[in-house]
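Here are a few exercises to work through with the model open in your viewer. Try each task before you read its solution.

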Amino acid sequence: MTDIAPTAPQAPNWRATFRKITNSSAVTVVLAIVVALVVGAILIAAADEDVQRTVTYLFAQPGDFFVALGQSIGGAYAALFQGAVVNFGASSSGAALLPLARTVANSVPLIFAGLALGMGFRAGLFNIGGQGQIMLGAVFCSYLGFALHLPVGLHVIVCVLGAFVGGAIWGFVPGILKATTGANEVIVTIMLNSIAGFLLGFLLTLQSFRVPGSNNPISPMVDANALYPTFFGTPVSVGFVLAIAAAVGVWWLMERSTLGFRIKAVGANKDAALTSGMNVRTTYIWVMTIGGGLCGLAATAPLLGTPSQALSVDIASTFGFDAITVALLGRSKPLGTVLAGLLFGGLRAGGYMMQAGTGVPIDIILVLQSVIVLLIAAPPLVKAIFRLPDPSRRHKVRRARGMKASVARSEVTA
Amino acid sequence: MKLELRHITKKFGDFVANDNIDLVVEPGQIHALLGENGAGKSTLMNVLYGLYEADGGQILLDDQPMQFAGPGDAMAAGIGMVHQHFMLVPVFTVAENVVLGHEPVKGPDLIDVSKARDIVKQISDRFGFEVDPNALVEDLPVGIQQRVEIIKALSRQAKILILDEPTAVLTPQETDELMSIMRQLKAAGTSIVFITHKLREVQDVADVITVIRHGRVVGQAAPTASQSELARLMVGRAVDLSVDKTLHQGGPVALSVKDLSLVEPTGRALLEDITFDVHKSEILTIAGVQGNGQTELTEVLIGLRKSTAGSVTLVTQDAAGRAVTTDLTNQSVRTILDSGVGYVPENRSKDGMIAGFSVAENLVIDQITHPPFSRHGSLDTRAISANGARQVEQFDIRTDTAQAGMGTLSGGNQQKVVLARELSRDLTVFIASQPTRGVDVGSIEFIHGQIIAERDAGAAVLIVSTELNEVTALADRIAVMYRGRFVGIVPPDTDRNVLGLMMAGIAADEALDLTRQESYTDQVQSEGVDHD
């Protein structure tokens with residue numbers, strides 16, 4: 001082409017689409033949350049018995065309908081807020097802020113895993129193996145926690161390091177496979193999730209991973225010395241401080257280190273990175289390994305937090321998948337990821353309160369999360385699937401209508 | 001058919017690609033549209049061809065206003081376009097390609113192949129195209145493929161033919177042949193719009209020249225106008241078309257390449273037994289039609305591809321003046337860069353820069369692991385910014401700040417960034433592929449100056465270019481590549497026609513003989529180099 005003017009639309013490739021999804025704007029993100037809340041409100045209202053009853057005589061007495069509507073939606077979201085931030089009905093100020101503490105505690109695994117996946121996104125890697133990496137971190141962390149008996153302080157550190165190493169091993173595998181064979185990290189990490197699940201299930205059949213004398217597939221609890229110290233008896237623990245420290249660490253890594261520069265360069269233009277003498281393969285390995293380690297740290301939240309859980313096949317919950325949403329919502333940036341983690345932690349915490357207080361099922365939280373993902377990921381995806389042109393480039397031929405108008409206009413000026 | 005464009009305006013966002021352009025092409029006229037890269041020539045033609053919708057203005061054919069919703073409408077109205085990148089199906093025959101989209105059918109729905117062949121044969125014979133309708137397109141040389149495109153347009157009764165940069169992919173001989181085809185078409189009454197930025201071609205063939213700059217028509221010229229006049233119209237100021245340099249003999253060998261081969265696992269040889277030396281303080285340019293192994297050669301030299309045989313050796317002098325050799329054969333890119341080789345890749349936006357990074361970051365992407373830009377794995381952002389500001393100043397990179405996104409710069413300025421990055425290091429060898437591709441004339445002068453300055457500072461310079469003018473302007477010696485081999489290495493004052501024949505694979509001696517016999521030399525324009 002001789003002209004710099006936009007060229008014909010290129011065949012969409014999924015890496016480019018993926019890059020668009022992970023680079024969505026802050027406005028998109030905020031609007032996605034708002035729309036999700038609206039969709040949630042419609043579902044809540046539609047399922048509410050009072051609303052259903054009053055809608056039958058909507059035109060006779062519209063007032064009843066709108067009151068019912070307001071009560072169902074307002075009640076549910078008020079409960080959600082009270083469960084996630086401040087409980088106004090609580091007896092003391094400490095109890096009033098307990099929901100906020102739960103939110104913060106809930107956010108810890110999401111922040112760790114979200115940071116990991118966001119880092120992968122920046123390198124152009126879609127690591128959806130968070131789930132498996134968390135499980136491996138959990139295996140290491142838990143075993144070190146109940147099998148060893150170390151002094152206060154030291155034991156926590158050993159467990160945290162163990163969790164990091166466990167996750168890192170599970171991240172290293174897809175990293176080295178991608179680097180040496182070009183294996184698609186999406187497929188490898190999905191399969192490794194399954195492998196990790198079955199490995200965990202197998203380990204829990206071994207006597208060494210079980211509570212002595214028990215036949216249940218649950219490990220012993222970790223030592224009290226291995227638990228994260230908590231603040232003021234709330235669920236908020238040193239784990240949250242570590243998560244924030246990890247966010248700062250990832251920020252430094254991405255913005256101030258040569259490795260981060262390489263990661264971003266490889267993610268933005270692999271060919272230019274290669275031509276500049278960067279080792280793309282080792283960069284992939286580093287990203288996946290560090291990411292795996294961070295995911296492993298997510299496992300410390302249920303194992304070392306208060307209340308503590310023992311190792312079971314459900315230890316990773318859905319953290320690994322929720323973290324994808326968190327990273328997308330946080331636009332793969334550390335600060336964004338922390339905020340998105342807090343939001344999702346809050347939805348989790350508030351969801352229980354909402355269910356208990358108003359009978360709105362907690363599944364509505366899943367709907368909110370799903371709508372958010374859909375709104376962020378869908379536009380580039382839909383465009384890629386249906387090969388639609390980018391509306392920002394208006395070079396698509398439109399019918400003569402526009403042409404006529406402009407011709408008429410130019411004739412007037414001529 | 002008479003074509004008239006009135007007040008055509010086309011905007012992309014805030015960028016006005018065509019600003020109120022008027023153009024009249026009389027029947028049977030060759031109308032050259034001359035302008036720099038990015039002047040808006042192709043946009044205008046895409047509007048005419050129905051690919052873009054104009055934001056304002058009118059298209060008239062024989063004084064009838066027309067509205068084209070797409071290329072189909074334009075073709076039906078008698079407009080044919082030959083794109084710079086051919087729109088042919090490589091595995092189809094010529095006949096199949098020509099009828100593609102309006103196939104003659106027989107029976108229920110069978111392509112009438114013999115009729116398709118007849119169409120091709122008829123047009124081919126009429127204009128002496130010598131195209132075999134049964135040949136597979138992928139087997140044909142580029143010049144013939146272009147004729148297939150022209151036949152395709154003519155088979156649809158095109159009265160107006162748009163040729164978009166038709167000579168970019170041709171050897172000088174093929175270019176001459178195209179020119180004679182254009183004259184024949186003109187004699188047969190076809191109007192031709194000829195888009196180009198090459199002054200020589202315009203003077204050869206055009207009846208009327210319209211010059212476009214920054215999306216506006218800045219003037220018309222007769223073909224008798226001198227090259228410097230045309231260049232001044234194109235660029236908007238006087239341009240020095242000659243490259244001011246003295247020929248260098250070169251010093252000791254700095255880069256020695258021996259029997260370098262690159263054979264694909266399938267057995268296809270991309271490079272075959274390439275042997276050459278580049279001396280200190282010397283520019284060796286590699287000429288050739290695109291796709292004859294130049295890309296592969298530079299990629300092997302810089303370590304992006306691994307050769308299958310042969311060696312690459314770097315020779316430097318130590319303090320005592322003794323030669324120190326370093327084997328660079330199949331080393332990593334990192335090692336090769338660090339041993340004093342600079343590299344400007346052919347495809348700037350794909351391999352040379354990261355559009356999402358700032359100018360300052362792009363200026364250090366291949367040095368980021370080295371002091372002063374980083375220490376112990378930690379970036380020194382201050383050093384990176386300072387370096388950015390300094391290079392922007394020194395290389396006259398037109399941007400408000402070095403922190404601006406690389407993607408916001410013009411092609412010429414992006415190229416200056418890439419060049420600045422490489423030239424700011426101490427280089428033993430400097431390799432640049434298509435250093436001025438997609439770069440405006442003003443920047444070309446500057447870039448050529450920088451390359452020569454690097455040579456004068458003692459570097460061995462290897463330039464790959466498909467622009468013959470650039471090759472001859474910069475070279476101390478010229479190597480010609482054809483199908484992965486070096487056809488020969490000749491002095492820079494070698495006749496254009498000899499170079500052209502060499503680019504078609506004919507050995508230097510033979511090419512020299514041929515041109516003597518045919519006394520081509522009479523036609524040679526001896527005024528030296530023009531700008532592109």
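**Exercise 1.** Which residues does B:Pro133 touch, not counting residues up to four places away in sequence?

Before solving, some ground rules: this is a predicted model, so local features need pLDDT of at least 70 and side-chain atom pairs count only at pLDDT 80 or more, while totals for chains, interfaces and linings use all residues. Residues are numbered from 1 along each chain as its sequence is written, chains are lettered from A and ligands numbered from 1 in the order in which they are written, and side-chain values use heavy atoms, with hydrogens and water left out.

*Solution.* Step 1: locate B:Pro133 in the loop between helix H4 (113-127) and helix H5 (142-155) of chain B; helices (H or I, at least four residues) and strands (E, at least two) are DSSP runs, numbered from the N terminus. Step 2: list its contacts (heavy atoms within 4.5 Å). B:Pro133 touches B:Thr93, B:Val94, B:Ala95, B:Arg117 and B:Val120, leaving out residues up to four places away in sequence. Step 3: check burial, where buried means under 20% relative accessible area, exposed over 50%, and partly exposed in between (1.4 Å probe, protein chains only). B:Pro133 has 9% relative accessibility, so it counts as buried.

**Exercise 2.** Find the side chain that makes a polar contact with the side chain of B:Ser256.

*Solution.* Step 1: go to strand E13 (residues 253-263) of chain B, where B:Ser256 lies. Step 2: apply the polar contact rule: a pair of N or O atoms within 3.5 Å; within protein, one must be able to donate a hydrogen and the other to accept it, and residues adjacent in sequence count only if both atoms are side-chain atoms. The partner is the side chain of B:Lys258, at 3.2 Å. Step 3: B:Ser256 is buried, at a relative accessible area of 10%. Beyond four places in sequence, B:Ser256 touches B:Phe276, B:Asp277, B:Ser311, B:Val312 and B:Thr313.

**Exercise 3.** Work out which parts of the chain the salt bridge of B:Asp19 and B:Arg216 links.

*Solution.* Step 1: a salt bridge is a side-chain nitrogen of Lys or Arg within 4 Å of a carboxyl oxygen of Asp or Glu. B:Asp19 and B:Arg216 meet that rule at 2.9 Å, N to O. Step 2: B:Asp19 is in strand E2 (residues 15-25) and B:Arg216 in strand E12 (residues 216-221) of chain B, 197 residues apart. Step 3: both ends are partly exposed, B:Asp19 at 24% and B:Arg216 at 48%.

**Exercise 4.** Place the salt bridge of B:Asp366 and B:Arg425 in its network.

*Solution.* Step 1: the N to O distance for B:Asp366 and B:Arg425 is 3.7 Å. Step 2: B:Asp366 and B:Arg425 are both buried. Step 3: B:Arg421 and B:Glu422 join these two in a network of salt bridges.

**Exercise 5.** Describe the interface of domain 2 and domain 3 of chain B.

*Solution.* Step 1: domain 2 (241-340 + 428-532) and domain 3 (348-425) of chain B have bounds from an automatic or database domain assignment. Step 2: the two bury about 1,200 Å² between them, 58% of it on carbon and sulfur atoms; buried area is the accessible area (1.4 Å probe) that two parts lose on being put together, summed over both. Step 3: there are zero salt bridges between them, but five residue pairs are in polar contact.
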